[in-house]
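Visitor: Please take a close look at one sheet and tell me how its strands are put together. If there is empty space inside the protein, add that at the end.

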Amino acid sequence: MHHRRVAGIQMTSTQDLTENLNDAKRRIEEAVAQRAELVVLPEMFATMGMDEAGKVKHREAIGQGPIQDFLHTQARRHGIWIVGGTIPISISGETNKVRAACLVYNDQGEVYARYDKIHLFDVQLRASQEAYAESKMIEPGDAVVVIPTPFGKMGIGVCYDIRFPEFFRQMQEKGVELIVLPAAFTYTTGVAHWDILVRARAIENLAYVVTACQTGTHPNGRKTFGHSMIVNPWGEVKAVLQLDAGVVVADINLADMAQVRADFPVLTHRKF
C-alpha cells in the first residue's frame with residue numbers, strides 16, 4: 001500500500017493548557033474522521049505563553065506530564081502516529097531554560113523519536129515592532145533526526161529551521177523522504193516567505209513536506225500566519241489551509257516519489 005494519508009493541524013493556541021488540549025483533541029478527531037494515519041500538531045500547540053517566561057510555565061520532565069499523557073492517549077486511542085508539535089521539556093539541573101522538544105508517538109502511543117529545535121528565533125522586525133528572543137528560555141538541540149516510519153523516512157524540523165537549507169541537506173544524507181514541520185511563523189515574515197520556503201525545501205530535497213501551523217492573533221498579541229500545507233516532491237501544494245483553524249489532509253505516495261527521483265535524478269548530481 002503506497003498511499004498514506006497525512007494531516008497537519010492548524011490552531012490558535014492560548015496560554016490555557018486545558019483549552020488548547022481540548023482544541024487539539026477535536027482537531028485530531030477531525031483528521032481521523034478523514035482517515036489520516038499521521039497527524040502533525042503545530043509548534044507550542046499546548047501552551048503559548050503571554051511572554052518568554054510563559055513558555056516554560058508548563059514545562060514537563062521527559063516521560064511525564066499532562067501534555068505527554070495527552071499525546072500518548074490520542075495516538076493509542078486512534079491508532080495513529082502523532083508529531084507532537086513542540087513541548088517545553090525540562091533540562092536536568094537547569095532551572096530557567098527548557099528544550100523545545102518535538103516528540104513523535106507511534107500508533108501504540110509510545111514515544112518513538114525526539115527532536116529538539118536547533119535554530120532559535122532571535123529576531124527584531126523593525127517594520128512591525130516585533131522582537132523575539134527564543135534563546136532566553138530555550139536551549140537549542142544539536143541533533144538532526146530522521147527516522148524510519150510507515151510514511152517513509154521522516155525528518156523533523158520546527159518553524160525557523162525552515163530557513164536553513166543545509167539543515168535539510170543533513171537529512172538528505174540520512175535518506176529523508178518526508179519532512180514534518182510544526183511552526184508558529186510570524187504573520188509579517190509569513191506573508192513574505194512562508195510559501196516559497198516550504199516549497200523550496202520540498203523541491204530541493206525531492207521530498208514531501210507537511211507543515212502544521214499556529215494562526216491568527218493570540219492572547220499575547222502575537223500574530224501568526226497559518227497556511228499549514230502539504231507539498232509533494234515536485235513542489236506542488238496538495239492542500240493548504242490559509243488563516244482558519246482546522247485540518248489540512250492529503251495523501252502521500254512513496255512510489256510516486258521514488259519515480260520522480262528516478263526520472264529527475266538531481267540528488268545524484270550534487271557536487272558539494
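Guide: Two strands count as paired when DSSP finds at least two bridges between them. The model shown here is predicted. By that rule β9 and β10, residues 152-156, are a pair: four bridges link these strands, and the sense is antiparallel. Within the pair, Thr149 faces Gly152 of β10.

This pair begins an open sheet of six strands, whose order is β9-β10-β11-β12-β15-β16. The pairing across the sheet is mixed. β9, which covers 146-149, stands at one of the edges, and β16 stands at the other. Each of these edge strands has a single partner strand, so one side of β9 and one side of β16 lack a neighbour in the sheet. Ignoring direction, neighbouring strands of the sheet are turned by 20° against each other on average.

The β16 edge can be followed in more detail. β15 spans residues 228-231 and β16 spans residues 237-241. These two strands run antiparallel and are joined by four bridges. Val231 stands opposite Val237 of β16. Together β15 and β16 make a hairpin, with five residues between the strands. One residue in the turn, Gly235, has a positive phi of about 90°.

Now the empty space. Rolling a probe the size of a water molecule over the atoms shows where space is left unfilled. There are two cavities of 30 Å³ or more in the structure. The largest has a volume of about 140 Å³. Its lining is made of 14 residues, and Met44, Lys55, Thr86, Pro88 and Ala100 are the closest to the centre. β4 (87-90) and β5 (98-105) each supply at least two lining residues of this cavity. β5 gives the most, with three residues. By class, eight residues of the lining are nonpolar, two are polar and four are charged.

The second largest cavity has a volume of about 70 Å³. Among the residues lining this second cavity are Glu43, Lys117, Glu134, Arg163 and Arg222. Its lining also includes Phe121, Cys159, Tyr160, Ala184 and Phe185, as well as Thr186 and Thr189. Here the division is five nonpolar, two polar and five charged residues.

How values were computed:
Residues numbered from 1 in each chain as written. Predicted model: local features only at pLDDT ≥ 70, side-chain atom pairs only at ≥ 80, totals over all residues. Heavy atoms only, no water. Axes fitted to C-alpha atoms, helices over the stretch in contact; angles between N-to-C directions. 1 Å grid on protein atoms, 1.4 Å probe; cavity = no way out; pocket = protein on both sides within 12 Å on 5 of 7 lines; lining within 4 Å. Points joined across faces, edges and corners; volume = space filled by probe spheres on them. Nonpolar A, V, L, I, M, F, W, Y, C, P; charged D, E, K, R; others polar.
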